[in-house]
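The exercises below go with the structure shown next. Work each one before reading its solution.

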Amino acid sequence: QGAENPPASNPCPTLQRKVKNLQGSVLILILDLLEDGFGEHPFYHCLIAEVPKEGQTGSSCIVGYAMYYFTYDPWIGKLLYLEDFYVMEPYRGLGIGSEILKTLSQIAIKTNCSCMHFLVVIWNKPSIEYYVRRGALDLSTEEGWHLFRFDKENLLRMASGE
Ligand SMILES: CC(C)(COP(=O)(O)OP(=O)(O)OC[C@H]1O[C@@H](n2cnc3c(N)ncnc32)[C@H](O)[C@@H]1OP(=O)(O)O)[C@@H](O)C(=O)NCCC(=O)NCCS
């Protein structure tokens with residue numbers, strides 16, 4: 001589901017619920033997610049996986065999603081950045097994740113991206129194995145890249161020229 005076409009099933013509550021489950025508190029509002037993804041200049045796109053609701057013909061619920069956007073590298077050009085990838089626990093191991101990765105790969109190829117980048121925290125061994133089995137390279141060990149962050153305080157300080 002592209003951000004240009006607001007989905008019939010809105011993924012934002014699912015995204016926010018997942019963030020809440022993982023972190024205990026929500027840092028972003030559904031309104032922000034809606035505006036940032038489905039406004040005039042979308043910052044991200046979403047693919048959603050839906051399954052039919054039990055005993056309710058015609059209705060479905062969201063059980064997984066991938067959030068992605070496009071970014072650019074002066075050496076390799078366009079790349080697809082997979083920001084978030086999640087399938088609800090009872091629906092794991094059914095091939096939904098593989099189907100999402102297949103669609104993402106098709107999007108990347110169609111839009112002429114040279115690769116797909118994503119972050120995985122080092123303790124998420126099952127996911128690391130999942131990606132490595134599909135051919136992913138660990139750029140930290142292979143090329144020595146480290147992820148850095150300037151937090152809001154730093155930004156404010158630098159922006160004000162302090
Ligand atoms: C990573 C994730 C999105 C994969 O989704 P999925 O729908 O389970 O993916 P698939 O069904 O295509 O494949 C699941 C893999 O786990 C194995 N598996 C089998 N049963 C499983 C189960 N009950 N739960 C999880 N994985 C299972 C499968 O064998 C398969 O491995 P293989 O295809 O490499 O052999 C999902 O596990 C997830 O949401 N994990 C938690 C969030 C997360 O860590 N996301 C990635 C952050 S970088």
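**Exercise 1.** Which residue of strand 2 stands opposite E50?

Solution. The model is predicted: local features need pLDDT of at least 70, side-chain atom pairs count only at pLDDT 80 or more, and totals for chains, interfaces and linings use all residues. Residues are numbered from 1 along each chain as its sequence is written, and side-chain values use heavy atoms, with hydrogens and water left out.

Step 1. Helices (H or I, at least four residues) and strands (E, at least two) are DSSP runs, numbered from the N terminus. Two strands pair if DSSP finds at least two bridges between them.

Step 2. Strand 1 (residues 45-52) and strand 2 (residues 60-73) are antiparallel and share eight bridges.

Step 3. The residue opposite E50 is I62 in strand 2. In the pairing with strand 2, A49 has G64 as its bridge partner.

**Exercise 2.** Place these strands in the whole protein, and describe how strand 2 is joined to strand 3.

Solution. Step 1. The protein has six helices and four strands. Along the sequence they follow the pattern α-α-β-β-β-α-β-α-α-α.

Step 2. Strand 2 and strand 3 run antiparallel, joined by 10 bridges. Three residues lie between the two strands, which form a hairpin. Y65 has Y86 in strand 3 opposite it.

**Exercise 3.** Sort residues by burial, in strand 1 and in helix 2.

Solution. Step 1. Buried means under 20% relative accessible area, exposed over 50%, and partly exposed in between (1.4 Å probe, protein chains only). Of the 162 residues in the protein, 28% are buried.

Step 2. Strand 1 is largely enclosed by the rest of the structure, because six of its eight residues are buried.

Step 3. In helix 2 (residues 30-38), the buried residues include L33, G37 and F38. They cover an arc of only 85 degrees around the axis, so they lie on the same side of helix 2; the arc is that of the directions from the helix axis to the C-beta atoms. The face turned away from this buried side carries L31 and E35, which are exposed.

**Exercise 4.** What is the sign of phi at N112, and is N112 buried or exposed?

Solution. Step 1. Most residues other than glycine have a negative phi. N112 is not a glycine, yet its phi is positive, at about 65 degrees.

Step 2. N112 is in the loop between helix 3 and strand 4 (115-118). Its relative accessibility is 60%, so N112 counts as exposed.

**Exercise 5.** Describe the surroundings of the ligand, starting with the residues and ending with the elements.

Solution. Step 1. A residue is near the ligand if one of its heavy atoms lies within 4 Å of it. There are 17 residues around the ligand, and G95, S98, N124, R133 and R134 come nearest.

Step 2. By class, the shell has eight nonpolar, six polar and three charged residues. Ala, Val, Leu, Ile, Met, Phe, Trp, Tyr, Cys and Pro count as nonpolar, Asp, Glu, Lys and Arg as charged, and the others, Gly among them, as polar.

Step 3. A polar backbone atom of G95 is 2.7 Å from an oxygen atom of the ligand. A ligand nitrogen atom lies 2.8 Å from a backbone N or O atom of F85. In the side chain of Y130, an N or O atom is 3.3 Å from an oxygen atom of the ligand.

Step 4. On its own the ligand has 920 Å² of accessible area (Shrake-Rupley method, 1.4 Å probe), and the protein covers 64% of this area.

Step 5. The elements giving two or more residues to the shell are strand 3 (77-87), helix 3 (96-110) and helix 4 (125-133). Helix 4 gives the most, with four residues.

Key. Polar contact = N/O pair within 3.5 Å; in protein donor to acceptor, adjacent residues only side chain to side chain.
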